[in-house]
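Morning, everyone. Please look at the screen for a moment before I start.

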Amino acid sequence: MSTIALLDGNNFYVSCERVFRPALQGRPVVVLSNNDGCAIARSDEAKALGVRMGAPWFQIRHLQRDAGLVAVSANFALYGDMSDRMMSLAAGLGHAQEVYSIDECFIDLTGMPGDLAERARKVQARIRQWIGIPTCIGLGPTKTLAKLANHIAKTADRKPGSYPAHLARVCHLGDMPLAQRAQYLADTAVDEVWGVGPRLGAKLDGVGIRTAQDLAQAHLPTIQRKWGIVLAKTAQELAGIPCLPLETNPPPRQHIAFTRSFGQPVTQLPDLAQAVSEFAARAAEKLRRQHSVASQVMVFIRTSLFRPGSKPHRVYQTVPLALPSSHTPALQKAALQALDAMYQSGFLYAKAGVILHGIQSATAAQLDLDWGAAMPPANPRLMQTLDSLNQRYGRGTLRFATMAHPQQATVWAMKQERLTPSYTTSWAELAVAR
DNA sequence: TCTGGGGTCCTAGGACCC
DNA sequence: TCTGGGGTCCTAGGACCC
């Protein structure tokens, strides 16, 4: 019997901010998305005020005055660094780890001796003490049951009464009698299950599958025929049969995107070109980080989705590359070509993006036998040097002339009015002890 | 006035081929 | 009145995840 754990940081972005601003403890706090657009993390106190995930800031702003709500702009450099620290401590829980997202990981404890829930509590206490992040840990025989155990651990903490209090913060669904586990599954709505979203949840409800236990016991061939292989695997995992392996070495990404909404609408081609040039460079950085090359560059521009009365204008264009490349100028050139081909004046553009497709390994990339008039192969050391200088001295230290100066105010810049310092990743922004 | 960003997988349907 | 069968590849769209 295997044992998998799922560990995640509670309200992760908020908890990261609280580590460096203890005055935020106990207060309603939200972290805002890029452009300070909507709430992407909420403290328990903010949830209690009724702030929904993804709530637009302009709709909840009044809670600042009415309820003492504090809002901060997302600081992803800080959260990424805190995540690395949390993940390395979490890895000590078992013998293999899959980092599943910025705030959660699966850990394989199969075959480990002793009381595994007790072991989980020790790791949890260490993360709390050393990093300052509160966590919940769920354990079970499959990834889906570990997820569900984690959900129980979180919910028993936040909404007492929904599950027994002793399951709060650490819940092990693998070390209890099967009838007991079945009871907890029966107490869990089917749309709380990992892999069942609101749409599937509603459809399942329509055929009488209302709880996790209903899905675990459903007729498998019927599930597969009506809803596909993904839900069939979920159902089996709920029944305790592992179908989803631990991904300890995540495969390279098949698409790489860099997209942004603008702080204010953009109308002019030169401004869009500067933004698209920047986005292409940032996507190229990500591409090189995973040692890949791309063979197609897709660019889109679009107006706001939310302007009442007018249909949004959304266009995209894909430009193939003569040679698969990760060379920033080659990708920028293709991106600007795509932009030129589809730009029309007279629209208020709200968002643009560059998405790289046709990704393959840089070492395996096939050389074009006849590159004739195409660009000669780029010297990879130029891009390596650019990346290492920008990593060491800060983004924008070395850049291409089509891009904006990092200190230049661009019309397309993001709005981030509540940004906290990068306490752990910038020497200039270290916290000062007095 | 003001609504994020980045991924995955699966499926259906069309184009094309033999 | 009558019009095959089977396979691959690609794309768009839908569902899900954080």
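I'll take the DNA surface, then one pocket.

This is a predicted model: local features need pLDDT of at least 70, side-chain atom pairs count only at pLDDT 80 or more, and totals for chains, interfaces and linings use all residues. Residues are numbered from 1 along each chain as its sequence is written, chains are lettered from A and ligands numbered from 1 in the order in which they are written, and side-chain values use heavy atoms, with hydrogens and water left out.

DNA strand C has 15 residues around it, where near means a heavy atom within 4 Å. The closest are D103, K147, G195, G197 and L200. What does the protein meet on the strand? Sugar and phosphate make up 100% of the atoms of strand C within 4 Å of the protein.

Now the polar contacts (pairs of N or O atoms within 3.5 Å). The D103 side chain puts a polar atom 3.0 Å from a sugar or linking oxygen of strand C. For the side chain of S101, an N or O atom is 3.1 Å from such an oxygen. G195 uses a backbone N or O atom, 3.0 Å from a phosphate oxygen.

Which element gives the most to this surface? That is α9, with four residues; helices here are DSSP runs of H or I, at least four residues, and strands are runs of E, at least two.

Next, the second largest pocket. Its space is about 1000 Å³, the volume filled by probe spheres set on the grid points. A pocket is an open set of points on a 1 Å grid over the protein atoms alone, where a 1.4 Å probe fits, with protein on both sides within 12 Å along at least five of seven lines. Lining residues have an atom within 4 Å of a point. There are 30, and N35, G37, S261, F262 and F306 are closest to the centre. β9 gives the most to the lining, seven residues.

Definitions and conventions:
Polar contact = N/O pair within 3.5 Å; in protein donor to acceptor, adjacent residues only side chain to side chain.
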